[in-house]
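User: Please take a close look at one part of this protein for me: the sheet and how its strands are joined. I am a first-year student, so keep it plain.

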Amino acid sequence: MINLEEIKEQEIDLDKVYDYAEFPDKVSGRCDNCNSAYFKSSVKGGIFLRECRACGMKKSI
């Protein structure tokens, strides 16, 4: 399990897909990296993936 304090101190890796349950939004509905509210969403294999259109940060919801 990822510790939230560790993630806040380190940079966000845009190549990694974060799990929402382990790393919820700092501000609901906003990207943790750039604070944008504009996402593109996709579903594949029963997994809902949310990707920020501004910076590319991905979260599995």
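Analyst: Start with the hairpin of β2 and β3, which has two residues between its strands. In this predicted model, Gly45 sits in the turn and has a positive phi of about 65°. The two strands run antiparallel. Six bridges join β2 to β3, and β3 covers residues 47–52.

Two of the facing positions can be named. Ser41 stands opposite Arg50 in β3. Ser42 stands opposite Leu49 in β3.

Now follow β3 into its other hairpin, the one with β4. Here five residues lie between the strands. Gly56 takes a positive phi near 95° in this hairpin. Strand β4 spans residues 58–60. It pairs with β3 in the antiparallel sense, over three bridges. Leu49 has a bridge partner in β4 as well, namely Ser60. So take Leu49 as your landmark: Ser42 stands opposite this residue, and Ser60 in β4 is its bridge partner. What holds such strands together in general? Strands of a sheet pair through backbone hydrogen bonds, either parallel or antiparallel.

Next, put the strands side by side. The sheet is open and has four strands. Their order is β1-β4-β3-β2, and the pairing is mixed. Which strands stand at the edges? They are β1 (17–19) and β2 (39–44). Each has a single partner strand, so one side of each is left without a neighbour in the sheet. From one strand to the next, the twist averages 25°.

Some residues of these strands also face an enclosed space. The model has one cavity of 30 Å³ or more. The space in the largest cavity is about 30 Å³. Its lining includes Phe39, Arg50 and Lys58. Phe39 falls in the range of β2, Arg50 is in β3, and Lys58 falls in the range of β4. Cys31, Asp32, Met57 and Lys59 line the cavity too. By class, the lining has three nonpolar, no polar and four charged residues.

Finish at the other edge, with β1 (17–19). Tyr18 belongs to an aromatic pair, and the count of such pairs comes to one. Its partner is Phe23. The ring centres are 5.1 Å apart, and the planes are at 45° to each other. That makes the pair tilted. Are these two residues buried or exposed? Both Tyr18 and Phe23 are buried.

Methods
Residues numbered from 1 in each chain as written. Predicted model: local features only at pLDDT ≥ 70, side-chain atom pairs only at ≥ 80, totals over all residues. Heavy atoms only, no water. 1 Å grid on protein atoms, 1.4 Å probe; cavity = no way out; pocket = protein on both sides within 12 Å on 5 of 7 lines; lining within 4 Å. Points joined across faces, edges and corners; volume = space filled by probe spheres on them. Nonpolar A, V, L, I, M, F, W, Y, C, P; charged D, E, K, R; others polar. Pairing = 2+ DSSP bridges. Axes fitted to C-alpha atoms, helices over the stretch in contact; angles between N-to-C directions. Phe/Tyr/Trp six-rings, centres within 6.5 Å; stacked < 30°, edge-to-face > 60°. Buried < 20%, exposed > 50% of the residue type's maximum accessible area, 1.4 Å probe, protein only.
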